[in-house]
Amino acid sequence: MRVFTSLACAAAIALAAGSAWSADKAKNWTAPNDKIYAQTLSDQIMAEHPELLSVTFHGVPPGMSKVYTMFAGSFPERIGNPDDPDDIDVITKGITIVDPRWNKNDTVRKFVMMMPLRDAAGSHLGLLVLAFKRPQGDSRSENDFFVAASKLRDSLQPRIKAYAELFQPTH
């Protein structure tokens, strides 16, 4: 038997009815008032990588259990949105998802990479999602995006001493 939370039920009903479900209707975490280290990293990545549409950090905030959420990213209004099942798969299974998604209603074509986030010791921490711009005529392959995303993700690894550090305030 499958049990759904009220949030999951509301989302399933909305999707079955053909209407869009917005996860920001019910946040599952609230960021602290001070900017956290993960948000500082997100801001730095976006400033250094104009080829990206967005970067987001996902996982379970310290002191919580099985509350999978976006805790930092380039769209601050989405922080605290519950994670989708594919996000949770990357977090719990350590898999990588190569997602050449592009919806005809999107204003910008994109290629999404969902990768396990690791700390300096190589421990699996959560999820890093990188959405690359993919303009019309872009000839980059899935492998090109995978290599670029892996390089960016791996460059973060030595900058993260421990998972809890991602939630520490920065100035």
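## Arg-159 and its surroundings

Let's start with Arg-159, which sits in the segment that follows helix α4. Keep in mind as you look around that this is a predicted model. Is Arg-159 buried or exposed, or somewhere in between? Its relative accessibility is 32%, so it counts as partly exposed.

Which residues does Arg-159 touch, if we skip its neighbours within four places in sequence? The list is Tyr-37, Leu-41, Gln-44 and Glu-165. There's also Asp-119 to look at: it is 40 residues away from Arg-159 along the chain, yet the two C-alpha atoms are separated by 7.6 Å.

## Helix α4

Just before that segment comes α4 itself, covering residues 142-156. You can check its length with a bit of arithmetic: at 1.5 Å a residue, a helix of 15 residues should span 21 Å, and the C-alpha atoms at its ends are indeed 21 Å apart, so the two values agree.

Now find the side of the helix that is hidden away. Phe-145, Ala-149, Ser-150, Leu-152, Arg-153 and Leu-156 are the buried residues of α4. What do they pack against? Their partners are helix α2 (37-48) and the strands β1 (52-59), β4 (110-118) and β5 (124-133).

## The whole fold

Time to zoom out. The protein has 4 helices and 5 strands, and if you walk along from the N terminus you meet them in the order α-α-β-β-α-β-β-β-α. The chain has 171 residues, and 38% of them count as buried.

Take the contacts between residues with a separation of 6 or more: 54% of these join residues 24 or more positions apart. As for the outside, the accessible surface comes to about 9,700 Å², with 55% of that belonging to carbon and sulfur atoms.

## Two nonpolar cores

Inside, the largest nonpolar core has 29 residues. Those with the most contacts within it are Phe-57, Phe-71, Leu-117, Leu-130, Phe-132, Leu-156 and Leu-166. Who supplies at least two residues each to this core? That would be α2, β1, β2 (69-73), β4, β5 and α4. Apart from this core lies another one, of 9 residues, including Val-60, Val-112, Met-114 and Ala-131.

Phe-71 is a good residue to click on. Leaving out residues up to four places away in sequence, Phe-71 touches Trp-29, Ile-36, Ala-38, Phe-57, His-58, Gly-59, Ile-79, Tyr-163, Leu-166 and Phe-167.

## Salt bridges

How many salt bridges are there? The count comes to 4, and three pairs are worth a look here. One of them joins the side chains of Lys-35 and Asp-43, at 2.6 Å from N to O. Lys-35 has a relative accessible area of 40%, so it is partly exposed, and Asp-43 at 32% counts as partly exposed too.

Another pair is Arg-140 with Asp-138, where the closest N and O atoms are 2.5 Å apart. Arg-140 has 29% relative accessibility and therefore counts as partly exposed. Back in α4, Arg-153 and Asp-154 meet through their side chains at 2.7 Å, N to O. Why does Arg-153 count as buried? Because its relative accessibility is 7%, and the cut-off for buried is under 20%. Asp-154, on the other hand, is partly exposed at 36%.

How values were computed. Residues are numbered from 1 along each chain as its sequence is written. This is a predicted model: local features need pLDDT of at least 70, side-chain atom pairs count only at pLDDT 80 or more; totals for chains, interfaces and linings use all residues. Side-chain values use heavy atoms; hydrogens and water are left out. The expected span of a helix is 1.5 Å times one less than its number of residues. Buried means under 20% relative accessible area, exposed over 50%, partly exposed in between (1.4 Å probe, protein chains only). Contact means heavy atoms within 4.5 Å. Accessible areas come from the Shrake-Rupley method with a 1.4 Å probe; for residues, only the protein chains shown count as cover. A nonpolar core is a set of buried Ala, Val, Leu, Ile, Met, Phe, Trp, Tyr and Cys residues joined through side-chain atoms within 4.5 Å.
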